[in-house]
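Me: I'd like a close look at one part of this protein, where two helices pack against each other. Could you walk me through it and what surrounds it?

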Amino acid sequence: MKLIHETGWADPPSTAEQHLSGDIDCDIVVIGGGGGGMSAALRLAEKGVDVVLLEGQTLGWGASSRNAGYITNSIAADPEMLGLMLKPERLRNLYQFAENAVHFATDAISHHGIDCGYQQEGIVMAAVTKGQLRHARRNAKVMADAGSSAKFVEGREAGLPEGFLGGVREGVGGTLNPGEFTLGLRAATIASGVRVYEHTPALDLTDTCGEVRVKTASGRVRARKALLTTNAYSADLSSAPRNLATPVWTSLVETEPVAPERLDDIGWTSRAPMVTLHMILESYRVTPRGTIVFGTRRLQTGRNPLPHRTPAPNVADDLVRGFRERFPSLRDIKPQKAWGGWIGMSSTWLPVVGEASDNVLYSLACNGHGFAQAQYVGHLLADRISSAPLHEDLAAIWHGRKGFSPSLVGGAMLHAAWLADRASDRLATLTK
C-alpha cells in the first residue's frame, strides 16, 4: 500500500495561479481557498464586489479535496446526545441548516457544470452491533422529531452488506469525488473574476481604523473587510479566535477495483455509502471507479504550523484491519493507497461562524461532516459581510464574538475513544 502526500481522488492542477507580489487593495479579502473560501469568493464576485482570495497552496488543496466525498446532512455530533443537550427549536434549526447545505452543494454541482461523479443515494449511519442498532433507532427518532428526512432502515431492506444490521438512512445527499469537485470549483472561481493568489499563505492580519491589512511573504493586501475560512489552519493567524479549531488528522484507504458481483454476493446491493456508529466513525463507500474507499476510525491531533504529511503506517494498517473485519468475504482485496488531511474541530463539536473583530468574520463549518456545510456557510457569510441581514441558517450556528473554551479533543482522548470502540467490537463478537 502506497502512502501518498496528495489527495488520492484526483491529480493536482497542472498549473498554479500567481502568488502575491507587492501591495494591493480590494474591498473584501478571503483567506483560505477551500470549499468555503471559494464559495464565498464566488458569491462576492456575483455581487460585483472586488474580492481577493489568498490560499497557502492551490485552491482546494486541503481537506476539501481529501475527505471521503460525503454530501451529508449530518451534524458533527451524536443526534441522541444533541437531543439531550439542545432545546427542540435549536435542534430543528440545526438540521434545517444541514439539509439546506446539502441542497446548496448539489445545486453548485449543476450550476458550475462540475463532472465529479455525484450520486444522489443518501448515506446510512450504519450499525454493526446490536447496541449500535438500538442507538440507531433512538437517533432516527431524535432526527425525525427535529424535522430531518432521515429514517431508520433494516440492513437487508436497505441492501447493506452482511454484518451491517441497519441504521439511519439520510433522505438527501450522496457521494462525489471531492478531488474532481474542488478542481471544478477552482476553475469556476478563477473564471469568475476573483483575484486568486495561490502559494500565498497569510502570515498576519490586523483590523484597525476601519481597515484590514493582511501580510504575506512578498506582499500585503489592504481591504475594507475580511473572511477567515482557514479550517484547521486557523491558529496560524493570531487574529483568529483563540481555541477556534483543534487540528485533527484523518486518513483514507482505497482498494483495488472490486467486481460488482462480489458486492452483490455480500449483500451490498444498494451500494449505499455508510458510516458506522462508533465513537470514532468508520466510513465505507464504493467509488465510480469500482474501488472501495474507507477511513477515519483512528484520529490524530496536531499543532500549528501543521506538517505536510502522509498517514501514519500503523493508522493505515488499522484501517485495513477494520475493513477486513467488516468485510471478511473481501479479505483478498488489496489496499492500493492511503492519504489524509487536516480538519478543524470546534470545541462545541458543531459548525460555528462569528466575528473575530469589527471587520473580520470567520467560519469553521467543516468539523468532519461538513463538506457541504462549509460551502453553504461561505456563501451565506459572503452575503452577511456585504451587509445583508443574518440568514436564519447562519443564525443557527452564529457564535458572535463569544470566546471558545479549550477543546476536549486531544491525543489521549482520541486514543481512549479508539480503544473503547475496539473493546465494543470485541464484546460484540463474543456475545454473538
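Reply: Before we start, a helix axis here is a line fitted to C-alpha atoms over the stretch in contact, and the angle between two axes runs from 0 to 180 degrees between N-to-C directions. Keep in mind that this is a predicted model.

Now for the pair itself. Helix α1 (residues 35–46) packs with helix α8 (residues 371–385) at an angle of about 40 degrees, and their axes are 7 Å apart. That angle makes α1 oblique to α8, because roughly parallel is kept for angles under 35 degrees. The crossing of α1 past α8 is right-handed.

Who touches whom? On the α1 side you'll find G35, G36, S39, A40, R43 and L44, and they meet A374, Q375, G378, H379, A382, D383 and I385 of α8. Sorted by class, this contact has 5 nonpolar, 6 polar and 2 charged residues.

Next, follow L44 inwards. In the largest nonpolar core, which has 74 residues, L44 is one of those that touch the most other members, along with L53, L82, F181, L227 and V377. The helix giving the most to this core is α3 (residues 88–111), with 10 residues.

L227 ties the picture together nicely. Not counting residues up to four places away in sequence, L227 touches A40 and L44, and also A382 and I385, with V29, V30, I31, L361 and L381 on its list too. Apart from this core lies another one of 26 residues, among them I266, A272, F323 and I333. As a general point, nonpolar side chains tend to be buried together in soluble globular proteins.

Methods. Residues numbered from 1 in each chain as written. Predicted model: local features only at pLDDT ≥ 70, side-chain atom pairs only at ≥ 80, totals over all residues. Heavy atoms only, no water. Helix = DSSP H or I, 4+ residues; strand = E, 2+ residues; numbered from the N terminus. Parallel < 35°, antiparallel > 145°, perpendicular 65-115°, else oblique. Left-handed = near helix turned anticlockwise from the far one by under 90°. Contact = heavy atoms within 4.5 Å. Nonpolar A, V, L, I, M, F, W, Y, C, P; charged D, E, K, R; others polar. Core = buried A, V, L, I, M, F, W, Y, C linked by side-chain atoms within 4.5 Å. Buried < 20%, exposed > 50% of the residue type's maximum accessible area, 1.4 Å probe, protein only.
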